Amino acid sequence: MKFRCRMIDIAAMRDFTNIVNTVSRMSKKCVIRLTPEFLCFNIGDEHVPVVWAELRQARFFHEYELTGAYQEQNEIYLELDTLMLARSVSSLKQNAKSAKIKLSNKQQPCLTIEIELPSSSMDSRQCVHDVPVQIIPRRQWNEYQAPNIPEFDISLEMPQLKHVRNMVERMKNMSPFLILGTHRDGKLILKVENDVASIATYFPNLKVWCRSNLEEEISASVDIKKFHTFLSWDIIHPDSVKCNILHDRTVNLHLCSEGYLTIHYFMPAIAS
């Protein structure tokens, strides 16, 4: 079993750092699935998918070598501490020249991250971090596959996340729940209610995809803090974000960026 990769592109290192930092805000633990084409961050709750972030490795890594334990299925699955990983890659923000990530064995399996930093002299400095990992056995791999995406009642193009975040930032102090509602007319409704007030924000004229016989408003009540956490993905400046709703059952937020990053975020509906 072998894995090593190398980054030299400044934008790629910046984006990778932002992705790791955002993942670390969503969960203390995650599973990384390594394949020849993709690096995937998987966060689940009792094996129910919460976050699936799929990075196309060719966009991030100048070099990428992977040899799995099984020739017929060339993959590696690693569980690790997301905060430790985020701290380890934080040095990339110091105008790093390059970064190497490799699977190593230092009394226990680790992801060793070697970051080359500029120096005041002609030489460069090297910063090395070891992130302990747990190698997941093959018999458990089926628990960490890409999630099955259900057929939703309606899908709606989201407005710019920064505008949504500004509104939700104010709303989250009023209620622990956020009602997401929409109709085939392409209007997104964000609503909070408490004992003394009901406040709603409307984003009209959004592109919409829905069932042909849809007449009623589709909505779901979700944890407002979890929704607010997703909005921090704005840092990667996504090309498109869709809000998919299965009435009173689940909300799926689907983010894409230039064909190199795909994110699915799942939130179960909360009974009001």
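Contact means heavy atoms within 4.5 Å. The exercises below concern a predicted model, in which local features need pLDDT of at least 70, side-chain atom pairs count only at pLDDT 80 or more, and totals for chains, interfaces and linings use all residues. Residues are numbered from 1 along each chain as its sequence is written, and side-chain values use heavy atoms, with hydrogens and water left out.

**Exercise 1. Identify the residues that Phe230 touches, and place Phe230 in its core.**

Step 1. Leaving aside residues up to four places away in sequence, Phe230 touches Met26, Leu161, Val241, Leu253, Leu255 and Tyr265.

Step 2. A nonpolar core is a set of buried Ala, Val, Leu, Ile, Met, Phe, Trp, Tyr and Cys residues joined through side-chain atoms within 4.5 Å. Buried means under 20% relative accessible area, exposed over 50%, and partly exposed in between (1.4 Å probe, protein chains only).

Step 3. The largest nonpolar core has 75 residues, and Phe230 is among those with the most contacts inside it, together with Phe3, Phe41 and Phe227. Helix H1 gives the most to this core, with 7 residues.

**Exercise 2. Describe strand E1 (residues 2–7) by its faces and its partners.**

Step 1. Helices (H or I, at least four residues) and strands (E, at least two) are DSSP runs, numbered from the N terminus. The covered face of E1 consists of Phe3, Cys5 and Met7, whereas Lys2, Arg4 and Arg6 form the uncovered one.

Step 2. Two strands pair if DSSP finds at least two bridges between them. E1 pairs with strand E5 (residues 63–67) in the antiparallel sense over 5 bridges, and Phe3 stands opposite Leu66 in E5.

Step 3. E1 also runs antiparallel to strand E7 (residues 98–105), to which 4 bridges join it; here Arg6 stands opposite Lys100.

**Exercise 3. Classify the ring pair of Phe3 and Tyr64.**

Step 1. Rings of Phe, Tyr and Trp (its six-membered ring) pair if their centres lie within 6.5 Å; planes under 30 degrees apart count as stacked, over 60 as edge-to-face and the rest as tilted. The structure holds 9 such aromatic pairs.

Step 2. The ring centres of Phe3 and Tyr64 are 5.5 Å apart and the planes stand at 75°, so the pair is edge-to-face.

Step 3. Because Phe3 lies in strand E1 and Tyr64 in strand E5, the pair ties together parts that are 61 residues apart in sequence.

Step 4. Phe3 is buried, with a relative accessible area of 3%, and Tyr64 is buried, with 16%. Both belong to a cluster that ring pairs form with Phe16, Phe60, Phe61 and Tyr260.
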